[in-house]
Amino acid sequence: MTEDDVTLDTQALRVLAHPMRLALLNRLRREGPSTARQLARHFELDPGAASYHLRRLAAGGLIEEDTERGTRRDRWWRALHPASQHDPARRGGPDGRAYTQAVALAAAETLRRAAAQTVPAMPDTWFAVSAFSDFSVQVTPDELAALKDELYAVVDRYRRREPSPGAESAVVQFQAFPAHPDAGR
(Lines give C-alpha, C1' and ligand atoms only; values in the text may rest on other atoms or scores of the structure.)
Protein backbone atom coordinates (compact mmCIF):
# COMPACT_ATOMS: atom_id res chain seq x y z
CA MET A 1 0.00 0.00 0.00
CA THR A 2 1.41 3.42 -0.94
CA GLU A 3 0.98 6.55 1.13
CA ASP A 4 -1.61 7.82 -1.39
CA ASP A 5 -3.89 4.79 -0.98
CA VAL A 6 -6.91 4.90 1.31
CA THR A 7 -7.91 2.46 4.03
CA LEU A 8 -11.66 2.11 3.73
CA ASP A 9 -13.76 3.20 6.68
CA THR A 10 -17.31 1.98 7.37
CA GLN A 11 -18.90 4.72 5.23
CA ALA A 12 -16.67 3.96 2.24
CA LEU A 13 -17.31 0.24 2.65
CA ARG A 14 -21.04 0.88 2.46
CA VAL A 15 -20.68 3.06 -0.64
CA LEU A 16 -18.49 0.48 -2.37
CA ALA A 17 -20.76 -2.45 -1.49
CA HIS A 18 -22.37 -1.89 -4.91
CA PRO A 19 -20.39 -3.55 -7.75
CA MET A 20 -21.18 -0.75 -10.23
CA ARG A 21 -19.76 1.90 -7.90
CA LEU A 22 -16.63 -0.14 -7.48
CA ALA A 23 -16.36 -0.56 -11.27
CA LEU A 24 -16.82 3.20 -11.82
CA LEU A 25 -14.18 4.00 -9.21
CA ASN A 26 -11.72 1.52 -10.71
CA ARG A 27 -12.29 2.97 -14.19
CA LEU A 28 -11.60 6.50 -12.91
CA ARG A 29 -8.43 5.23 -11.24
CA ARG A 30 -7.15 3.43 -14.33
CA GLU A 31 -8.26 5.79 -17.11
CA GLY A 32 -8.36 9.15 -15.32
CA PRO A 33 -11.14 11.74 -15.10
CA SER A 34 -14.37 11.15 -16.96
CA THR A 35 -17.97 12.31 -17.22
CA ALA A 36 -21.06 10.40 -16.17
CA ARG A 37 -22.09 10.23 -19.83
CA GLN A 38 -18.75 8.68 -20.88
CA LEU A 39 -18.84 6.17 -18.02
CA ALA A 40 -22.49 5.32 -18.75
CA ARG A 41 -21.59 4.58 -22.37
CA HIS A 42 -18.64 2.40 -21.35
CA PHE A 43 -20.66 0.38 -18.83
CA GLU A 44 -23.89 0.40 -20.86
CA LEU A 45 -25.72 2.29 -18.10
CA ASP A 46 -28.37 4.96 -18.05
CA PRO A 47 -26.55 8.33 -17.62
CA GLY A 48 -28.83 9.17 -14.68
CA ALA A 49 -27.83 5.96 -12.92
CA ALA A 50 -24.15 6.69 -13.57
CA SER A 51 -24.58 10.21 -12.12
CA TYR A 52 -26.29 8.79 -9.05
CA HIS A 53 -23.48 6.31 -8.40
CA LEU A 54 -20.85 9.01 -8.94
CA ARG A 55 -22.55 11.28 -6.40
CA ARG A 56 -22.59 8.39 -3.88
CA LEU A 57 -18.85 7.82 -4.47
CA ALA A 58 -18.23 11.54 -3.89
CA ALA A 59 -20.29 11.47 -0.68
CA GLY A 60 -18.11 8.55 0.48
CA GLY A 61 -14.93 10.61 -0.05
CA LEU A 62 -13.64 8.39 -2.87
CA ILE A 63 -13.98 10.75 -5.86
CA GLU A 64 -14.47 14.46 -6.43
CA GLU A 65 -15.69 16.71 -9.18
CA ASP A 66 -12.83 17.85 -11.44
CA THR A 67 -13.80 21.53 -11.58
CA GLU A 68 -10.99 22.40 -14.00
CA ARG A 69 -12.71 20.39 -16.74
CA GLY A 70 -16.09 20.54 -18.42
CA THR A 71 -19.09 22.72 -17.76
CA ARG A 72 -21.95 22.73 -15.29
CA ARG A 73 -23.89 20.50 -17.68
CA ASP A 74 -20.98 18.18 -18.38
CA ARG A 75 -19.39 17.41 -14.98
CA TRP A 76 -16.08 15.57 -14.82
CA TRP A 77 -15.12 13.30 -11.93
CA ARG A 78 -11.75 12.05 -10.70
CA ALA A 79 -10.61 9.48 -8.16
CA LEU A 80 -9.04 10.81 -4.98
CA HIS A 81 -6.80 7.79 -4.30
CA PRO A 82 -4.94 5.35 -6.59
CA ALA A 83 -6.15 2.30 -4.61
CA SER A 84 -8.28 1.18 -1.68
CA GLN A 85 -7.28 -1.16 1.08
CA HIS A 86 -9.66 -3.27 3.14
CA ASP A 87 -8.45 -5.62 5.82
CA PRO A 88 -11.29 -7.92 6.93
CA ALA A 89 -9.31 -8.77 10.08
CA ARG A 90 -9.64 -5.15 11.23
CA ARG A 91 -13.03 -4.20 9.79
CA GLY A 92 -15.16 -7.19 8.93
CA GLY A 93 -18.83 -7.41 9.77
CA PRO A 94 -21.70 -6.96 7.33
CA ASP A 95 -20.21 -3.87 5.64
CA GLY A 96 -16.87 -5.59 5.08
CA ARG A 97 -18.57 -8.69 3.68
CA ALA A 98 -20.79 -6.64 1.37
CA TYR A 99 -17.74 -4.74 0.08
CA THR A 100 -15.80 -7.96 -0.41
CA GLN A 101 -18.72 -9.42 -2.36
CA ALA A 102 -18.79 -6.30 -4.55
CA VAL A 103 -15.02 -6.64 -5.15
CA ALA A 104 -15.50 -10.25 -6.29
CA LEU A 105 -18.38 -9.28 -8.61
CA ALA A 106 -16.40 -6.35 -10.07
CA ALA A 107 -13.34 -8.58 -10.60
CA ALA A 108 -15.54 -11.11 -12.39
CA GLU A 109 -16.90 -8.34 -14.63
CA THR A 110 -13.37 -7.10 -15.38
CA LEU A 111 -12.37 -10.64 -16.34
CA ARG A 112 -15.51 -11.03 -18.49
CA ARG A 113 -14.70 -7.79 -20.34
CA ALA A 114 -11.09 -8.94 -20.81
CA ALA A 115 -12.31 -12.21 -22.33
CA ALA A 116 -14.75 -10.43 -24.63
CA GLN A 117 -12.77 -7.34 -25.64
CA THR A 118 -9.15 -7.26 -24.47
CA VAL A 119 -7.90 -10.78 -25.28
CA PRO A 120 -9.08 -10.78 -28.93
CA ALA A 121 -7.53 -7.34 -29.61
CA MET A 122 -4.36 -7.71 -27.53
CA PRO A 123 -1.05 -7.35 -29.43
CA ASP A 124 0.97 -10.59 -29.49
CA THR A 125 3.75 -9.11 -27.34
CA TRP A 126 1.27 -8.41 -24.53
CA PHE A 127 -0.61 -11.67 -25.00
CA ALA A 128 2.63 -13.61 -24.62
CA VAL A 129 3.27 -12.14 -21.15
CA SER A 130 -0.31 -12.08 -19.84
CA ALA A 131 -1.57 -14.57 -17.29
CA PHE A 132 -5.05 -15.96 -16.75
CA SER A 133 -4.56 -18.56 -14.04
CA ASP A 134 -5.93 -19.85 -10.83
CA PHE A 135 -4.09 -22.02 -8.36
CA SER A 136 -5.16 -24.23 -5.51
CA VAL A 137 -2.92 -24.39 -2.45
CA GLN A 138 -3.26 -26.18 0.88
CA VAL A 139 -2.77 -23.57 3.63
CA THR A 140 -3.84 -22.58 7.11
CA PRO A 141 -5.39 -19.13 7.70
CA ASP A 142 -2.00 -17.86 8.94
CA GLU A 143 -0.24 -19.23 5.85
CA LEU A 144 -2.82 -17.63 3.55
CA ALA A 145 -2.25 -14.31 5.33
CA ALA A 146 1.52 -14.65 4.78
CA LEU A 147 1.02 -15.54 1.09
CA LYS A 148 -1.26 -12.52 0.65
CA ASP A 149 1.28 -10.21 2.31
CA GLU A 150 4.12 -11.48 0.10
CA LEU A 151 2.10 -11.00 -3.10
CA TYR A 152 0.98 -7.52 -2.02
CA ALA A 153 4.62 -6.60 -1.40
CA VAL A 154 5.56 -7.59 -4.96
CA VAL A 155 2.71 -5.56 -6.47
CA ASP A 156 3.55 -2.62 -4.20
CA ARG A 157 7.14 -2.65 -5.46
CA TYR A 158 5.90 -2.22 -9.04
CA ARG A 159 3.36 0.43 -8.09
CA ARG A 160 5.97 2.57 -6.31
CA ARG A 161 8.62 2.63 -9.03
CA GLU A 162 8.79 5.00 -11.97
CA PRO A 163 7.23 3.42 -15.08
CA SER A 164 9.71 2.20 -17.67
CA PRO A 165 9.67 3.68 -21.18
CA GLY A 166 6.86 2.03 -23.14
CA ALA A 167 4.99 0.99 -19.98
CA GLU A 168 1.24 0.47 -20.30
CA SER A 169 -1.41 0.14 -17.62
CA ALA A 170 -1.98 -3.50 -16.61
CA VAL A 171 -4.70 -5.01 -14.44
CA VAL A 172 -3.41 -7.27 -11.66
CA GLN A 173 -6.18 -9.13 -9.89
CA PHE A 174 -5.62 -11.14 -6.79
CA GLN A 175 -8.16 -13.19 -4.89
CA ALA A 176 -7.41 -15.49 -1.99
CA PHE A 177 -10.20 -17.33 -0.21
CA PRO A 178 -11.08 -20.83 1.00
CA ALA A 179 -12.32 -23.11 -1.78
CA HIS A 180 -15.22 -24.29 0.40
CA PRO A 181 -17.52 -21.77 2.11
CA ASP A 182 -17.64 -23.76 5.33
CA ALA A 183 -13.85 -24.20 5.60
CA GLY A 184 -12.56 -24.20 9.15
CA ARG A 185 -15.93 -24.75 10.82
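Which residues does leucine 57 touch, not counting residues up to four places away in sequence? In this predicted model, the list runs to Val15, Leu16, Arg21, Leu24, Leu25, Leu62 and Ile63.

Leucine 57 also takes its place in a wider picture, the largest nonpolar core, which has 24 residues. Leu57 is among the residues that touch the most other members of this core, along with Leu8, Leu16, Leu54, Leu62 and Ile63. At least two core residues come from each of helix H1 (10–15), helix H2 (19–31), helix H3 (36–43), helix H4 (47–59) and helix H5 (93–121). Helix H2 supplies the largest share, six residues.

Next comes the sheet. Three strands make up an open sheet with antiparallel pairing, arranged in the order E2-E4-E3. Strand E2 (34–35) and strand E3 (63–65) each have a single partner strand and stand at the edges, so one side of each has no neighbour in the sheet. Between E3 and strand E4 (residues 76–79), which run antiparallel, there are three bridges. Here Ile63 appears again: isoleucine 63 is placed opposite alanine 79 in E4. Ile63 is thus a handy residue to follow by eye, as it is also one of the contacts of leucine 57.

A last stop is tyrosine 52, found in helix H4. Tyrosine 52 counts as partly exposed because its relative accessibility is 41%, which falls between the 20% limit for buried and the 50% limit for exposed. Along the chain, tyrosine 52 and alanine 36 are 16 residues apart, and their C-alpha atoms are separated by 9.0 Å.

Methods. Residues numbered from 1 in each chain as written. Predicted model: local features only at pLDDT ≥ 70, side-chain atom pairs only at ≥ 80, totals over all residues. Heavy atoms only, no water. Core = buried A, V, L, I, M, F, W, Y, C linked by side-chain atoms within 4.5 Å. Buried < 20%, exposed > 50% of the residue type's maximum accessible area, 1.4 Å probe, protein only. Helix = DSSP H or I, 4+ residues; strand = E, 2+ residues; numbered from the N terminus. Contact = heavy atoms within 4.5 Å. Pairing = 2+ DSSP bridges.
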